[in-house]
Amino acid sequence: MGFGVRYFDLDFGIARERLRGLGARCHRPRRLIQRVALAGPGGAWAGLHSEGDRHVLTLMRDQRTVREVMVSDFDAALEILDGLGLRVTGRQEILREAWELHAIEFRFAEGPGLAPSLEIHGPQDQSAVRWAIGQLGLDPARAQPVQAGAPGLAPARPPNPTEPLILAARAAQGPQGPPPGPSVRNSGPLPPWPPQSAQGVEPPRPAPPVEGPGEGESAPTVTVLDANALRQPPTPRPPQPQPQPEPEPEPDPGKLVQFTVAETGWTAEASEWVPGEYWIRWATVLHNPNTLYWCELPTVQVTVRDEYGNVIGSEEQVLTVLPPRTRIGWAGLLEVNGNRPHSLEITPRPADWYPTQAKPEDFPPFAYENVAMELPEGACEVTGEIRNPYAEAVEEVALVALFRDGRGTLIGGDMSFVQGLPAHGTVPFKIEGTISAPPGPVASLDLMAQPWSDPNPWESALQR
């Protein structure tokens, strides 16, 4: 599956100079990535994606890709879609560049309103990534996991005092390359890294896995006794007071952090007509932990892998806004081909953040009444009414049903778009979802809605 870390606010010029000195090559030159989402009539959507020299136009309906075609001119295609009356609901531009050294990939990313970032990806064994961090002169303590909730960089293994000769021999040989792999030529002295600013978007740091003694535990010790001591009964020792853990500091509301993927659930269904084709139904919940900032066009990367860690399918999902201290849900459908799906990852992408005077209580959740759930074989049908808590009418909302098993674990979801919510009024809704076996029947569900039209109460509160 691989292991990766991310650094923010680095000097890209120094990073490139050090990579050249190590013998790395730029295998994907700097290019502009553009993504535009457009809403059409009848719940249809269009997506226009550009990788610089490759442009793809996608038609989607009911969260399913209906058709994809290559286009030769990105701007001309966008003008045509605009002329047909499609409404742009989201746009993102990112500059990306990738380098490679000994099967380790270094990915640069920057864009308007984004903190420049460098991702370092290597094998699941962290030694290669740790070696790359050392060669670039970066601080391991600042390494952030690429995927929210993923293990961070584990502490380096302490020296073994029983192997002084081996350690001395290794030190005499000089720096080595990442195991395995050939040694690299010395790049010579390089300029130091500038002081890294504490500003910018930094994802939260999950606690890294501990190799050896865990937090609050003592390291194993070896006690040497003489022969006479072995003949005497051991002297009882008084109980030692246990150190009390220090309370965790309160989060700084003025510090901006990346939004997180709070929950993920998915199922895979094999096609009955096409061998090796699978339908992935996924659902996720995103959380903005910031109190003073809101996120525009929050984007997640959905990646599906087989049991060998190979990527067999991926897509990016762009949403509209993520207000302070709120959660939003989404569900999607992804078609993959190849080996049987084994794992699914949903990773936050760099996003645009803005300060706001709006408070979390300015974004009350939509309410639901007379909710009923039917469970025909392999499906889940949800009906009810959704109530608008705002004094402003909402033209359209995206309503997501999150399906859970008997233990409360998220196992999938589906969604629908509901139109015409009057101020403080209700309208009926119906969501028809599919759940494969495994994981099994749906035991409960959650409903989450977000405005999906312009203007709307969220944009009014954010003064967007």
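These legends accompany close-up views of a predicted model.

Local features are described where pLDDT is at least 70 and side-chain atom pairs where it is 80 or more, while totals for chains, interfaces and linings use all residues. Residues are numbered from 1 along each chain as its sequence is written, and side-chain values use heavy atoms, with hydrogens and water left out.

**View 1. The whole chain and its confidence.** Let us start with the overall picture. The chain contains 6 helices and 24 strands, taken as DSSP runs numbered from the N terminus (helices are H or I of at least four residues, strands are E of at least two). Of its 464 residues, 44% are buried (under 20% relative accessible area, with exposed meaning over 50% and partly exposed in between; 1.4 Å probe, protein chains only). Among contacts (heavy atoms within 4.5 Å) between residues at least 6 apart in sequence, 71% join residues at least 24 apart. The average pLDDT (the predictor's confidence in each residue, from 0 to 100) is 76, and 75% of the residues score at least 70. Please treat two stretches with care: pLDDT is below 50 over residues 157–192, a stretch with 31 contacts beyond near neighbours in sequence. It is also below 50 over residues 194–239, where the model has 52 such contacts.

**View 2. Helix H1 and its surroundings.** Helix H1 spans residues 12–21, and 7 of its 10 residues are buried, so the helix is largely enclosed by the rest of the structure. Those buried residues are Phe12, Ile14, Ala15, Arg16, Arg18, Leu19 and Gly21. They pack against strands E2 (25–39), E6 (87–101), E7 (104–110) and E8 (117–122), and against helix H3 (127–136). At the start of H1, look for Asp11: one of its side-chain oxygens comes to within 2.9 Å of the backbone nitrogen of Gly13. After the helix comes Gly23, which has a positive phi near 90°.

**View 3. Two nonpolar cores.** A nonpolar core here is a set of buried Ala, Val, Leu, Ile, Met, Phe, Trp, Tyr and Cys residues joined through side-chain atoms within 4.5 Å. The largest has 63 residues, and Ile386 and Phe403 have the most contacts inside it. Strand E21 (residues 394–404) gives the most to this core, contributing 8 residues. Beyond its neighbours within four places in sequence, Ile386 touches a set of residues including Phe366, Tyr368, Val397, Leu399, Val418, Leu421 and Phe429. Apart from this core lies another of 25 residues, among them Ala15, Leu19, Trp99 and Leu118.

**View 4. Strand E17 and its partner E13.** All 6 of the 6 residues of strand E17 (343–348) are buried. On one side sit Ser343, Glu345 and Thr347, and on the other Leu344, Ile346 and Pro348, so to speak two covered faces. Strand E13 (residues 299–305) runs antiparallel to E17 and is joined to it by 6 bridges; two strands pair if DSSP finds at least two bridges between them. To find your way along this pair, note that Thr303 has Glu345 as its bridge partner in E17.

**View 5. An open sheet of 3 strands.** The strand order is E15-E12-E18, with antiparallel pairing. Strands E15 (321–322) and E18 (352–355) stand at the edges with a single partner strand each, so one side of each is left without a neighbour in the sheet. Strand E12 (residues 293–296) is joined to E15 by 2 bridges, and Glu296 has Val321 as its bridge partner in E15.

How values were computed. A polar contact is a pair of N or O atoms within 3.5 Å; within protein, one must be able to donate a hydrogen and the other to accept it, and residues adjacent in sequence count only if both atoms are side-chain atoms.
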